[in-house]
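Subject: Handing over a structure, with notes on what was found

Dear colleague,

I am passing a structure on to you, and since it will be new to you, I have put my notes below it in the order in which I would read them. Please look at the structure itself before turning to the text.

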Amino acid sequence: TCALPISGNALDPDAGIQIDKPQGGKVNIILDMSMFDLFELCKARYNMRYNMNRSVPMAKKSTALDSGGLAHEGLDVYYTKLKEGIQYADRMQACLMKIRQVSSDPDQCNLGTDEIARVLSAIEECCEFWRFEDEMMIIHEVERPFLYVLYEDDDVRILISGKIDLLVDIPALGRSTGYKNIPIDHKTFSRDFEVPRLSNQFQNY
């Protein structure tokens, strides 16, 4: 079994799966989908990581997770600059600089020189490949956190929290259909495989 964290009256969206029991009020349960996935996968791992605060040391963090985190840091800067109307060369330079900055901090990154170079190359190629489509998008939010009520009755309220990498409008071109408020999630992987579209994270979007 695994105990879920019980807070005071203030809910913390970063707590993953949290139960709040205010006096005289209804029970609040707040869920973060990526953390809830881990809870479903292995309650012991969830307990070690989020209740006992015993995460894997940076030196033993998987290359895939480290690379993904590094890519997200750079793309956050890239799309923020794009939203601000910054030209491609300048936003690309800022993106790569952010990746180099984070990768040089041993508390944030444990990748070797070759892995860092691979991330830099992949991000640069990705941004160049999608440059035209990206510049056509109307970007509303970058790394936007959210919290909403999924279910509520007289006794309990269930809230879902998360963070959207990008929230955009995609204008129609020619006979194509335009789309509004489209969430975009950045994923990195070193091999080709089917994306689990029924994951809690994607269903939450």
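A patch on the surface is where I would begin: Phe132, Met136 and Leu173 come together there as a nonpolar group, with about 280 Å² of accessible area between them. Please bear in mind throughout that the model is predicted. Of these residues, Leu173 sits in the loop that joins strand S5 (156–170) to strand S6 (179–184), and with a relative accessible area of 43% Leu173 is partly exposed.

For the overall layout, the protein chain holds 7 helices and 6 strands, and read from the N terminus its elements follow the order β-β-β-α-α-α-α-α-α-β-β-β-α. The protein chain has 205 residues, and 32% of them are buried.

Next come the charged contacts, for which the count is 5 salt bridges. One of them joins Glu135 to Arg91, with the closest N and O atoms 2.7 Å apart. Because Glu135 belongs to helix H6 (residues 131–136) and Arg91 to helix H4 (residues 88–103), this pair ties together parts of the chain that are 44 residues apart in sequence. The two partners differ in their surroundings, since Glu135 is partly exposed at 39% relative accessibility, whereas Arg91 is buried, with a relative accessible area of 2%.

Glu135 also forms a salt bridge with Arg131, and here the closest N and O atoms are 3.3 Å apart. Within helix H6, Glu135 and Arg131 are 4 residues apart, so about one helical turn separates them. Arg131 is partly exposed, its relative accessible area being 32%.

Elsewhere, Asp185 forms a salt bridge with Lys187, the closest N and O atoms lying 3.2 Å apart, and Lys187 counts as partly exposed at 46% relative accessibility. In addition, Lys26, Glu152 and Arg157 are linked to one another in a network of salt bridges.

Two of the helices deserve a closer look. In helix H5 (residues 113–129) there are 17 residues, which at 1.5 Å a residue should span 24 Å, and the C-alpha atoms at its ends are indeed 24 Å apart, so the expected and the computed span agree. Which residues of H5 are buried? They are Ile116, Val119, Leu120, Ile123 and Cys127, and because they cover an arc of only 95° around the axis, they lie on the same side of H5. As background, an α-helix has 3.6 residues a turn, so residues three or four places apart point the same way. On the face of H5 that is turned away from the buried side, the exposed residues are Asp114, Arg118, Glu125 and Phe129.

Helix H4, which has 16 residues, reaches 22 Å from its first C-alpha to its last, close to the 22 Å expected at 1.5 Å a residue. Its buried residues are Tyr88, Arg91, Met92, Ala94, Cys95, Leu96, Ile99, Val102 and Ser103, and that list includes the Arg91 that pairs with Glu135 in the salt bridge described above.

The aromatic rings are the last topic, and here the count comes to 4 aromatic pairs. Among them, Tyr78 and Tyr79 form an edge-to-face pair, with 5.0 Å from centre to centre and 85° between the planes. Both residues are shielded by the chain around them in the sense that Tyr78 is buried at a relative accessible area of 0%, and Tyr79 is buried at 6%. A further edge-to-face pair is made by Phe129 and Trp130, whose rings are 5.1 Å apart centre to centre with 80° between the planes. Here Phe129 counts as exposed at 60% relative accessibility, while Trp130 is partly exposed, with a relative accessible area of 43%. Finally, Tyr78 and Tyr79 join with Tyr88 in one aromatic cluster, and Tyr88 is also among the buried residues of H4.

With kind regards

How values were computed. Residues numbered from 1 in each chain as written. Predicted model: local features only at pLDDT ≥ 70, side-chain atom pairs only at ≥ 80, totals over all residues. Heavy atoms only, no water. Patch = residues over 30% accessible without salt bridge, like charges linked within 9 Å, V, L, I, M, F, W, Y side chains within 5 Å. Areas by Shrake-Rupley, 256 points an atom, 1.4 Å probe, with all protein chains shown as cover. Salt bridge = Lys/Arg side-chain N within 4 Å of Asp/Glu carboxyl O. Helix = DSSP H or I, 4+ residues; strand = E, 2+ residues; numbered from the N terminus. Buried < 20%, exposed > 50% of the residue type's maximum accessible area, 1.4 Å probe, protein only. Expected span 1.5 Å × (residues − 1). Arc of directions from axis to C-beta. Phe/Tyr/Trp six-rings, centres within 6.5 Å; stacked < 30°, edge-to-face > 60°.
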